[in-house]
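Open the model in your viewer and keep the selection tool at hand. The stops below say what to select next and what is there.

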Amino acid sequence: MEKSFFESQKNRLRLFLILVAFLAASVLLSANISASSLTKVYDTKIVKVTTDDTGDWTVKGTTKAPSGTKVYATTTVKSDESYGTNSGSNLDQTTWSKVNHGKFTISVDPLDLSDSTSYKAGKKFRVYIFAAKGGIKSFIDSSTTKPLSKKSMQKVSKTVTKRMLVLTKSQAKYLNDLGSDSSDSSSSSSSESSVASSSSTPQSSSSSAQSSSTSVPKEYKSALNSADIYANTMHMSKAGLYEQLTADAGEKFSPEAAQYAVDNVKTDWNKNALESAKSYQEMDMSPESIREQLTSDAGEKFTQEQADYAVANLPQ
């Protein structure tokens, strides 16, 4: 009888320990789910994209998500290591970007979207930018070690429109300089200076041109050099090119220099519209949505005729 009593106590203790272990596992599992799973996902509409002095994109947009909802940015490329990892933040780069009365501004870091060692102007990054409830509460966790769960990303891929962010010349230079030491930066600067003065015309003719009252100012030539890259590498529209050349977050050329550049750059605007349209087609956008994106003031700013040409010539 005494043995039976002790056996009974041992069984109770064993059951108690199993119950404790089960509860602990449940708590950990619950914490993990709440840390990475989204309960509600909202699509966004991008209104404007600029760049800042740290090489990031500043994306402004609208959404139907309630005020206070966190805004995420992550690559659409499933094979990428950063898939599901948040690459966006508030402009202070230390806190969440959040919706405020249907609007948001998010800073998106190219370094978090792709693990590259070199960057070129015109490099395209395909991203999801969306608002979501649930997910990871701690901002630092979301931007480092804890990607969203597979189930959450399935929800995102079904709900959110794929977007494209394009690396500008100034961003590419900044990001490449990050990987250089001070001496490399120095030589890069002098090399950049040399390229700016010699890429369109030889230095000697530039010097002689300066002495002529009818010569083209150096700023105009530099603007034209930049315009050539943006127009023929990034396939910008004429209006989009002018905005990029004059914007404070862009190249900061004078309006006169920018106008000279867009008027004199050698490019095919119809071809540019078509190349842009192909990129949107790869995102599974409909022809009418592509046409709207190409002509929108918040989009590519091509003319209606150029957009019509592009949509009509998309691969079938």
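Select F130 to begin. In this predicted model, F130 has a relative accessibility of 0% and therefore counts as buried, since the cut-off for buried is under 20%. Add Y72 to the selection. Y72 is buried too, with a relative accessible area of 2%.

Now look at the two rings together. A pair of aromatic rings is described by the distance of the centres and the angle of the planes. The centres of the Y72 and F130 rings are 5.2 Å apart and the planes are at 5°, so this pair is stacked. Planes under 30 degrees apart count as stacked. Show the strands next: Y72 belongs to β4 (residues 70-75) and F130 to β8 (residues 124-134), so the pair ties together parts that are 58 residues apart in sequence. Add W96, and you have one aromatic cluster made of Y72, W96 and F130. The structure as a whole holds four aromatic pairs.

Two more rings are worth a stop. Select K40 and Y42: the charged end of K40 sits over the ring of Y42, 5.5 Å from the ring centre. Then select K123 and F125, where the charged end of K123 sits over the ring of F125 at 5.2 Å from its centre.

Move on to helix α8, residues 218-233. How far apart are its end C-alpha atoms? They are 23 Å apart, which agrees with the 22 Å that 16 residues should span at 1.5 Å a residue. Colour the buried residues of α8, which include K221, S222, N225, S226 and Y230. An α-helix has 3.6 residues a turn, so residues three or four places apart point the same way. Just after α8, select H235, which takes a positive phi of about 55°.

Other positive phi values can be found in loops. Most residues other than glycine have a negative phi. Q93 is not a glycine, and its phi is near 65°. Look for Q93 in the loop between β5 (88-89) and β6 (97-98). With a relative accessible area of 34%, Q93 is partly exposed. K301 is also not a glycine, and has a positive phi of about 65°. This residue is in the loop between α12 and α13, and at 21% relative accessibility K301 counts as partly exposed.

From K301, step into helix α13 (residues 304-312) and select Q306. Is Q306 buried or exposed? At 14% relative accessibility, Q306 counts as buried. Measure from Q306 to K271: the C-alpha atoms are 8.5 Å apart in space, while the residues are 35 apart in sequence.

The last stop is the largest pocket, with a volume of about 1,100 Å³. To find its centre, select V49, Q293, A298, G299 and E300, the closest to the centre of the 42 residues that line the pocket. Which elements give two or more residues to the lining? They are β2 (44-51), β9 (162-166), α9 (238-246), α11 (269-281) and α12 (287-295). The largest share, seven residues, comes from β2. Colour the lining by residue type, and it divides into 15 nonpolar, 16 polar and eleven charged residues.

Terms used:
Residues are numbered from 1 along each chain as its sequence is written. This is a predicted model: local features need pLDDT of at least 70, side-chain atom pairs count only at pLDDT 80 or more; totals for chains, interfaces and linings use all residues. Side-chain values use heavy atoms; hydrogens and water are left out. Rings of Phe, Tyr and Trp (its six-membered ring) pair if their centres lie within 6.5 Å; planes under 30 degrees apart count as stacked, over 60 as edge-to-face and the rest as tilted. Helices (H or I, at least four residues) and strands (E, at least two) are DSSP runs, numbered from the N terminus. Buried means under 20% relative accessible area, exposed over 50%, partly exposed in between (1.4 Å probe, protein chains only). A charge sits over a ring if NZ of Lys or CZ of Arg is within 6 Å of the ring centre and within 35 degrees of the ring normal. The expected span of a helix is 1.5 Å times one less than its number of residues. On a 1 Å grid over the protein atoms alone, a cavity is a set of points where a 1.4 Å probe fits but cannot get out, and a pocket is an open set with protein on both sides within 12 Å along at least five of seven lines; lining residues have an atom within 4 Å of a point. Grid points are joined across faces, edges and corners, and a volume is the space filled by probe spheres set on the points. Ala, Val, Leu, Ile, Met, Phe, Trp, Tyr, Cys and Pro count as nonpolar, Asp, Glu, Lys and Arg as charged, and the others, Gly among them, as polar.
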